[in-house]
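Me: Could you take one part of this model and walk me through it closely? I'd like to begin with a single residue and then see how the sheet and the helices are put together.

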Amino acid sequence: MRIEIPELAVVALIGVSGSGKSTFAKKFFKPTEVLSSDYFRALISDDENNQRVTSQAFDTLYYVANKRLELGLLTVIDATNVQKEARVSVINLAKEQNCHAVAIVLDMPEKLCKERNAKRGDREFEGHVIARQAEQLRRSVRHLQKEGFRYVFVLKSEDELSGVEIVRTPLWNNKKGETGPFDIIGDIHGCYGELCALLEKLEYTVDKENFTAAPPHGRKAIFLGDLCDRGPDNISVLRLVMGMVKTGAAYCVAGNHDVKLLKKLRGSNVLLTHGLDKTVEQIEAQSEEFIAEAKTFLDGLLSHYVLDGGNLVVAHAGLKEKFHGRGSARVRDFCLYGDTTGETDEYGLPVRLQWANEYRGKAAVVYGHTPTPEVEAINNTFCIDTGCVFGGKLTAYRYPEGEIVQVEARREYYAPAKPLTDKPVLNDDVLNVDDVLGQKYLATRLRRSVKINAENSAAALEVISRFAAAPHWLIYLPPTMSPCETSKLADYLEYPAEAFDYYKTHGIGKVVCEQKHMGSRAVIVLCKDAETAAKRFKVNDGSFGIIYTRTGRHFFENTETQNNILMRLQNALAFSGFWNDLGTDWVCLDTELMPWSAKAQKLLEEQYAPVGRAGRSGIDAVSGAIKKAIAVLGESVDNVEAMPGQRVDLDLLLERYQKRADALKLYTQAYRRYCWDVASIDDYRIAPFHILATEGKTWSGENHIWHMETIAKYITGTDPVFIATNHLLVNVLDENSVKAGVKWWEELTASGGEGMVVKPYDFIAQKGSELLQPAVKCRGREYLRIIYGPEYMLEGNLLRLKKRSLSKKRNLALSEFALGMESLERFVRGEPLYRVHECVFGVLAMESEPVDPRL
């Protein structure tokens, strides 16, 4: 016997104890596909024969079955299932998961089953138990299909069992093997002239008189249903579409108007409303042969198709992700009518829930049904019913290109009940907390999967909910940056040689050294005007840009200060021709904003300055006491008994405190060097170092020298607020070039500079599949006093600090860099806000990882 079962189904094995169900399951199904009641009894109680835990065992079994079917995996229930009450759970599971229920009945002779049970040492079934089960089975078999099993197969002997072949068949809607390209066409409603014009625009060879259309090589059309009603030439549309489907040039899914027409053709008493009267009038004038052919065609239309490996779904009214590839009355109704509430609006039309607002699936869903003036693109769903029959347009969506092709309606053929301009509110700005909470794995181009821990997500949610700027603006957060490896030189914690060696040992020949400004990291997103901000960023408050910190907060509490800086940047870009030359009306820049005190004033007041004041006060007091002691004791200063048995050299002690005082003075000088008063906008300095993205493009494909030169050409030089970043190209394979790089750093730090950032020549550097650090910082000795404390270079302190570990910091830097680039790329591609935001949120979440903040 050949048993054909759907690739996605819940299969119930039905038979008395000893009928061979488990042996059958082991032979024809994977071990992971079979959920056995015996196994779950053992899992619960360590005894597969413990009937007292049957209820708990089946609770667990059906929980696992639900999870498998949610993932689209075939599931086999191995239990006796001879009682109708037991089978109800199987049917309910199939209904819940919108898949078919299959029954495979092993109706073996009762005598055989008793003999098998007698041979099993672990079973003590009395004969009447088998007899009762056999009787229940006999009463059940003929009613299985009525109970809800779509397919029923009955095996009555061992000979039949030995000849069984099980074949898994793809669901009818499974066209995953077809990758396109496709031309998906919205609701036609009898507009034959517009359909022919659209197909010709799509470069199909159309014969209007003979109702044929041949696609360009390799392409295929997909019609989204609602072929008829309301329009002028419903029969011609039917003839053309039926012919294209028959020759394999097209697919077609069912629309609600098609289903209603089919009911009428079958003789049902349906109301001739919404244009059906016109179709019926036209079709009644056709031959019986054509009517029969149309009836067969409409009857064969499926609710939806899943194509291109699951990356494309087409349905008349759209489809939630959990329904993709499923088959049930509920799925079909959704495909035909959308997500309806059962209520009607003021126009007498069904009230529909906006399912697309919540859609998070990977598949692009292209649908129609609800006419709108323009294509509605939201969360990777595309409604392309643009109301041709109502005087709008007939639209095609080209896949995978994402191109919209349209023709105007020749006239209004039917007055809409609801004006086309009165469209539903679609909103892809909806951010759900479930998108970010809990443990997540984010797929990125640069690092296949980045793990976000649940506790980090909770911390990030607190920050972003209370303090962050509007998420529409937050298209990127910069990554953390690791320092270079600890220097091997005795009196340095960081030195350029280790930075150069990192890239050299990873196969990178050229690096770019950039002066590290002692300011605060600032991301600038600037639009050419407020209209661009509204259109591209969906910010409708009249703003045209933002300056925000690396944690997504407004850089300036004073909006006026921010806007004045942004206007000056606008002027600089307009004057230099940036907008025209780069073909954009917005830009995202990575910058350093100075002075440091502009953002770190509280840090200075509450941390750095108090350390300086307290240190000076304490050291001065101790030094004064030592000097008094020396003056009193005179020549015997080297023989002072501090404690019984201990003697102290006061001169050496005074010298040590003098070194501490000198270190504290250098510490104070170090942080003061990066602070100055800001009386006006002219006192700020902003050093852009990356042009991150513009319309249609991220600039990570350009090397760092390109970024420096392009910034110098378009941004710096025309306004003193915007300054260039000093930089040097170093060939790490050339000893003289490396020496020049080291000398450049030494001169930079000797003159009070913070240090430098060493970057690979290419923006994104990889060694094979390994992503390399996008940058490492090499900080000067004096600047490091601010980080590690005034006395970090005294006595054994530096030796102790050299034992630091960088591995966690570097892993964070790589993950955050991958997420940052991913968020930019998603935004530039026009992906929904939640897709961009999950990456931005991920960077912020990773910032709460416990890592030494001094690194």
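**A buried phenylalanine, a sheet and two helix pairs**

Reply: Happy to! Phe390 is buried, because its relative accessible area is 11%, and the cut-off for buried is under 20%. Please keep in mind that this is a predicted model. Phe390 sits in a loop, with strand 20 (381–383) on one side and strand 21 (393–399) on the other. If you step 151 residues along the chain from Phe390, you reach Asp541, and the C-alpha atoms of the two are separated by 34 Å.

Now to the sheet. Five strands form an open sheet in the order 28-27-29-32-33, and their pairing is antiparallel. Strand 28 (545–548) and strand 33 (697–698) are its edges, each pairing on one side only. At the strand 28 edge, four bridges connect this strand to strand 27 (residues 520–527), and the two run antiparallel. If you would like a residue pair to look for there, Ile524 has Ile547 of strand 28 as its bridge partner. Helix 26 (residues 807–828) packs on this sheet, where it touches strand 29 (586–594), strand 32 (685–694) and strand 33. The direction of helix 26 makes about 55 degrees with that of strand 32.

Helix 26 also has a helix to pack with. Its partner is helix 27 (residues 833–846), with the axes 8 Å apart and an angle of about 160 degrees. Helix 26 and helix 27 are therefore roughly antiparallel, since angles over 145 degrees count as such. Their crossing is left-handed. From helix 26 the contact includes Leu812, Leu819, Arg826 and Phe827, and from helix 27 it includes Arg835, Val836, Cys839, Val843 and Met846. Sorted by type, the residues of this contact are eight nonpolar, four polar and five charged.

A second helix pair is worth a look as well. Helix 11 (residues 256–265) and helix 13 (residues 288–299) have axes that come within 10 Å and cross at roughly 135 degrees. That angle makes helix 11 oblique to helix 13. The crossing of helix 11 with helix 13 is left-handed. On the helix 11 side, Asp258, Leu261, Leu262 and Leu265 make the contact, and on the helix 13 side they meet Ile291, Lys295, Leu298 and Asp299. This contact between helix 11 and helix 13 has five nonpolar residues, three charged ones and no polar ones.

Technical notes: Residues are numbered from 1 along each chain as its sequence is written. This is a predicted model: local features need pLDDT of at least 70, side-chain atom pairs count only at pLDDT 80 or more; totals for chains, interfaces and linings use all residues. Side-chain values use heavy atoms; hydrogens and water are left out. Two strands pair if DSSP finds at least two bridges between them. Contact means heavy atoms within 4.5 Å. Axes are lines fitted to C-alpha atoms, for helices over the stretch in contact, and angles run from 0 to 180 degrees between N-to-C directions. Buried means under 20% relative accessible area, exposed over 50%, partly exposed in between (1.4 Å probe, protein chains only). Angles under 35 degrees count as roughly parallel, over 145 as roughly antiparallel, 65 to 115 as roughly perpendicular and the rest as oblique. A crossing is left-handed if the near helix is turned anticlockwise from the far one by less than a right angle, and right-handed if clockwise. Ala, Val, Leu, Ile, Met, Phe, Trp, Tyr, Cys and Pro count as nonpolar, Asp, Glu, Lys and Arg as charged, and the others, Gly among them, as polar.
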